[in-house]
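Colleague: I am new to this structure and would like to know what stands behind the words used for it. May I put some questions to you?

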Protein chains: 2
Amino acid sequence: MKTKYKSHRCSEITPSMHGCEVVVSGWVHQIRDLGGKKFIILRDGSGTIQITISRGEADKELLEVVEQLTLESVIMVYGKVKADPRAPRGVEIIPTTIKILNLAKKPLPLDVSGKVSADLDTRLRERVLDLRRKEMQAIVRIMNTVLRVIREYLRSQGFVEVFTPKIIAAATEGGANLFPVIYFGREAFLAQSPQLYKELLAASLERVFEIGPAWRAEESDTPYHLSEFISVDIEAAFMDYNDVMTILEEMIYEVLKAVNQENADDLLILNYKPPSISLPLPRITYKEAIEKLR
Amino acid sequence: MKTKYKSHRCSEITPSMHGCEVVVSGWVHQIRDLGGKKFIILRDGSGTIQITISRGEADKELLEVVEQLTLESVIMVYGKVKADPRAPRGVEIIPTTIKILNLAKKPLPLDVSGKVSADLDTRLRERVLDLRRKEMQAIVRIMNTVLRVIREYLRSQGFVEVFTPKIIAAATEGGANLFPVIYFGREAFLAQSPQLYKELLAASLERVFEIGPAWRAEESDTPYHLSEFISVDIEAAFMDYNDVMTILEEMIYEVLKAVNQENADDLLILNYKPPSISLPLPRITYKEAIEKLR
């Protein structure tokens, strides 16, 4: 969709658009100064595009704006697309006007380009900047593929998506502690799982799934435990635990296949190769699992 | 997927399968006795199928089982498919064996077939049965179309799906009251909306959406107010409120189109025709809205 801020998103600009007038907006991802030329890598939610300014050709006003730019500043660029094999993706924009929508402070408390690495404390404190790193964006894009394929696969198997209540009157599973909620003066709890509700729903809709938050108030000394998490939960009538394992292993297989196909670039950014699996997955009994863990 | 409980789901049985041996499982939706013949309408999550028993042809053991059947009992049927134009959808199953997995009490506190209507109190008290009514199943199927199309449309516009924290430290929007949560001895709250988080995410991913629960602790004297609800929430950088309205009205248009196409049967069950809309929708100012309400 065109808005007054952009005729195109960064990744939509291609060499075949050579000569077109465009408007793009985003964040200043990188600035490189080669004396005669200045390169700005502009980033938006879709990707990046190079903005190239020649000191000899650009007018004075434009050059003054460019001199002020800091990393992560928000800018709007009016210009002409130029196909150039030396530019990333073979294309760049020669700007006529650059408008600064918001100037970022300098220096930033976290290096978004990733050249200087930061420890976890800094990353969490500066989460707004941390989320702009390409690794974090890759993770979100992969998560979107995972979510889409989970839903598509479960739907193809006759499962319907449901939402169950999150404020509940009593515990649904043993072992896990509950977060109390004060519900209009009465004590209630946050749901540990959709267990009881999805059982009742399966007695009607036969096959249901829910993707949503769940809470476990378990104190933990490790960073591996989340008290709030997103659960992917299925329930089916007329299936035993082997049938459920078959559904879930096929779901995992489809998810891995899609991530490998659709998120190859993101996996490169993360330097991660998902395990390749073949079905059926080996199945072990609870007893065997306990023995393996010993 | 075939399981030991079913070779097919009810709606998968078609006249073209005439002569095939099948296994189906589900709930006894209706029983009709015509003297020489007994018809059982069997229901599972996919739909219904007619099971036809001829007193003259069926063996004694099968007839004894059939005599015991009550509405909503859970049964497993082994039999042969028979194409018959007189049967619903032109097909029925002639059973060789019927296994009762669970016998339902008689009479039921709520009529699932819908012939006897129930008041809201009864329906909520007997929610497990209420959810089996075809009207409730139609609503869930329509909801699934709505959810799928919302996500597909927003993805096509570059939006990515996110999950934001639900236990929060402070209010995100004025006006609405918060439900307090006791978070490991400290006071926290349930999120009224993903507002602050989605703003930060939009500063990274540019276009985000979330479909998830939100809570408002507002006392209410009417049945129109939910303190827990599922919110569909978008946030975008480089868009103004007119752009957001354009996105949302196109989303609503796509949702209505899909529901009309894919849920025609469900709309018939509910005796409901969604409004037909054409874009752009009329837009009025806040001031005009207030004046209209007066």
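**Terms and their grounds**

Colleague: Why are H4(A) and H6(A) called oblique to each other?

Modeller: First, note that this is a predicted model. The axes of helix H4 (residues 134-156) and helix H6 (residues 241-262) of chain A cross at roughly 140°. Roughly antiparallel needs an angle over 145 degrees, roughly perpendicular covers 65 to 115, and roughly parallel is under 35. The value fits none of these, so H4(A) and H6(A) count as oblique. Their axes come within 9 Å, and the crossing is right-handed.

Colleague: What makes the contact between H4(A) and H6(A), residue by residue?

Modeller: From H4(A) come A:Ile142, A:Thr145, A:Val146, A:Arg148, A:Val149, A:Ile150, A:Tyr153 and A:Leu154. They meet A:Ile247, A:Glu250, A:Met251, A:Glu254, A:Val255, A:Ala258, A:Val259 and A:Glu262 of H6(A). Sorted by kind, the residues of this contact are eleven nonpolar, one polar and four charged.

Colleague: A:Glu254 is in that list. Is A:Glu254 buried, partly exposed or exposed, and how do you know?

Modeller: A:Glu254, in helix H6 of chain A, has a relative accessible area of 26%. Buried requires under 20% and exposed requires over 50%. The value falls in between, so A:Glu254 is partly exposed. Apart from neighbours within four places in sequence, A:Glu254 is in contact with A:Val149 and A:Tyr153. From A:Gly185, A:Glu254 is 69 residues away in sequence and 46 Å away in space, C-alpha to C-alpha.

Colleague: In chain B, at what angle do helices H4 and H6 pack?

Modeller: Helix H4 (residues 134-156) and helix H6 (residues 241-262) of chain B pack at about 140°, and their axes are 9 Å apart. That angle makes H4(B) oblique to H6(B), because it is neither over 145 degrees nor within 65 to 115 nor under 35. The crossing of H4(B) and H6(B) is right-handed. Among the residues in contact are B:Ile142 and B:Tyr153 of H4(B), and B:Met251 and B:Glu254 of H6(B). By kind, the contact of H4(B) with H6(B) has eleven nonpolar, one polar and four charged residues.

Colleague: How many disulfides does the structure hold?

Modeller: Over all chains there are zero disulfides. Take A:Cys10: the nearest cysteine sulfur, that of A:Cys20, is 16 Å away. A disulfide needs the sulfur atoms within 2.5 Å, so A:Cys10 is in none. With a relative accessible area of 0%, under the 20% limit, A:Cys10 is buried.

Modeller: The test applied to B:Cys20 uses its nearest cysteine sulfur, that of B:Cys10, at 16 Å, and B:Cys20 is in no disulfide. Its relative accessibility of 35% lies between 20% and 50%, so B:Cys20 counts as partly exposed.

Colleague: What makes B:Phe184 and B:Glu206 worth a look?

Modeller: Most residues other than glycine have a negative phi. B:Phe184 is not a glycine, yet its phi is positive, about 45°. B:Glu206 is not a glycine either, and its phi is positive at about 70°. B:Phe184 sits in the loop between strand S8 (180-183) and strand S9 (186-190) of chain B, while B:Glu206 is in the loop between helix H5 (195-205) and strand S10 (207-215) of chain B.

Colleague: Which of the words buried, partly exposed or exposed fits B:Phe184, and which fits B:Glu206?

Modeller: B:Phe184 has 33% relative accessibility, between the 20% and 50% limits, and so counts as partly exposed. B:Glu206 has 0%, under 20%, and so counts as buried.

Colleague: In chain A, which residues of helix H5 are buried, and what do they pack against?

Modeller: In H5(A) (residues 195-205) the buried residues are A:Gln195, A:Lys198, A:Leu201, A:Ala202, A:Ala203, A:Ser204 and A:Leu205. Within chain A they pack against strands S6 (160-161), S10 (207-215) and S11 (228-236); from chain B, strand S1 (21-33) and H4 take part. Just after H5(A), A:Glu206 has a positive phi of about 70°.

Colleague: Where are the cis peptide bonds you would point out in chain B?

Modeller: One joins B:Lys106 and B:Pro107, with omega about -5°. B:Pro107 is in the loop between strand S5 (91-102) and helix H2 (120-125) of chain B. Another runs from B:Leu279 to B:Pro280, with omega near -5°; B:Pro280 is in the loop between helix H7 (264-270) and helix H8 (286-293) of chain B. Most peptide bonds are trans.

Note on methods: Residues are numbered from 1 along each chain as its sequence is written. Chains are lettered from A and ligands numbered from 1 in the order in which they are written. This is a predicted model: local features need pLDDT of at least 70, side-chain atom pairs count only at pLDDT 80 or more; totals for chains, interfaces and linings use all residues. Side-chain values use heavy atoms; hydrogens and water are left out. Axes are lines fitted to C-alpha atoms, for helices over the stretch in contact, and angles run from 0 to 180 degrees between N-to-C directions. Helices (H or I, at least four residues) and strands (E, at least two) are DSSP runs, numbered from the N terminus. A crossing is left-handed if the near helix is turned anticlockwise from the far one by less than a right angle, and right-handed if clockwise. Contact means heavy atoms within 4.5 Å. Ala, Val, Leu, Ile, Met, Phe, Trp, Tyr, Cys and Pro count as nonpolar, Asp, Glu, Lys and Arg as charged, and the others, Gly among them, as polar. Buried means under 20% relative accessible area, exposed over 50%, partly exposed in between (1.4 Å probe, protein chains only).
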